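I opened the model to look at backbone outliers first, then at the contact between chains and the core.

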Amino acid sequence: MSATVAMMLALAVGTYAFRLVGPVLHGRVQLPARVQELLSAGAVVLLVALLATGALTEGGGFAGWARPAGVLVAGVLAWRRAPFPVVVLGAAGVTAVLRAAGVA
Amino acid sequence: MIARLKAPPTAPLVRDSALVWLASGVVGVSFGAIAVAGGLPVWVPVVMSLVVYAGSAQFSAVGVLLAGGGPVAAAATGLLLNTRTAAFSLAVADIIGSGRLARFLGAHLVTDETVAFALAQPDPARRRAAFWISGLGLFAVWNLGVLAGALAGGALGDTGTYGLDAAFPAVLVALVLPALREDPAVRRSALLGAGLALAVTPAAPAGVPVLVALAGLAVFGRDHGRRTA
């Protein structure tokens, strides 16, 4: 069990170190406007990649049709400026209904 | 009733966060249940959620552990997945605030959902409020969910039945769409990045595809003029 504790500690300390990068550098290093701009864009790029891989893949393979179908509905709802709860619940609802109907 | 000039209205932020909290709480329950059903003692998922506080990394680390991959591989997989939080923490550094306590506490609250939620707000005051409301609420709900799941064990069914796995990508869709809609440079970078991430997903270890996506910034462009300050 001590190996598990060591694993958790390493993961916790490492993760916290990653998360401290921004707050610690902030105010000490004056980032050029160009870099700030790239960081904001980079965050969006990361989030879109997360949503794309999260919607389409599971464990390195295709996640099945039900989940991407739900996320696609969310995209359409969001594009039409539907309220946030409608977008999220719409996605979960469509996926759940498709699964209940036998679509993986 | 609250002075609108100083503090942004919190009700809409709480309302939108609440959905993310609800979904995260259920995922937390399933994390606790999976870990305990796999043979880990109750305190492992509970303590891990408090000190690591990163859903995907926790699932991966426990998955590697339960599959017999060993603690080193488990920690390495989780850390690889969490490298992206360094980029996120840079993106939200000025949103978190400059006080010592705010920085050290806020850093721990940097997650995909909270960063997306904060960056989606239209002005600095609302971005800061969104970060703290979403972050603190998510931390509380996630950990309570994990505790409940660990105590309940395998009594909970498959969360896929409720379509919850579609809720998280959907949350991100709703939050990033405004940025994609108004900024062509961000849009083409994000689309290229997502394409690259998807292309390498079958071959690359977990966590790597999303980092590969940053290469999409190559088409961001040099002459980019930003509308919002």
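I started with A:Arg81, which is exposed, having 10 other C-beta atoms within 10 Å. I note that the model is predicted. I placed A:Arg81 in the loop between α3 and α4 of chain A. Its phi is positive, about 60°, although A:Arg81 is not a glycine. For reference, most residues other than glycine have a negative phi.

I then looked up B:Tyr53, another non-glycine residue with a positive phi, here about 50°. I found B:Tyr53 in the loop between α2 (43–51) and α3 (55–66) of chain B. Is B:Tyr53 buried or exposed? I have it as buried, with 24 other C-beta atoms within 10 Å.

Next I checked the contact between the chains. Chain A gives 60 residues to it and chain B gives 76 residues. On the side of chain A that touches chain B, I listed α1 (2–25), α2 (33–56), α3 (66–79) and α4 (84–100) as the elements giving two or more residues. The largest share of that side, 20 residues, is from α2(A). By type, I have 39 nonpolar, 17 polar and four charged residues on that side of chain A.

Last, I looked at the largest nonpolar core, which has 107 residues. A:Ala74, A:Ala91 and B:Ala170 have the most contacts inside it. The core lies between domain 1 (11–154 + 164–175) and domain 2 (183–229) of chain B, because both give residues to it. I followed A:Ala91 further: leaving out residues up to four places away in sequence, A:Ala91 touches A:Gly70, A:Val71, A:Val73 and A:Ala74, as well as B:Ala166, B:Ala167 and B:Ala170.

Notes:
Residues numbered from 1 in each chain as written. Chains lettered and ligands numbered in written order. Predicted model: local features only at pLDDT ≥ 70, side-chain atom pairs only at ≥ 80, totals over all residues. Core = buried A, V, L, I, M, F, W, Y, C linked by C-beta atoms within 7 Å. Buried ≥ 20, exposed ≤ 12 C-beta atoms within 10 Å, placed from the backbone. Domains from an automatic or database assignment. Contact = placed C-beta atoms within 7 Å. Helix = DSSP H or I, 4+ residues; strand = E, 2+ residues; numbered from the N terminus. Nonpolar A, V, L, I, M, F, W, Y, C, P; charged D, E, K, R; others polar.
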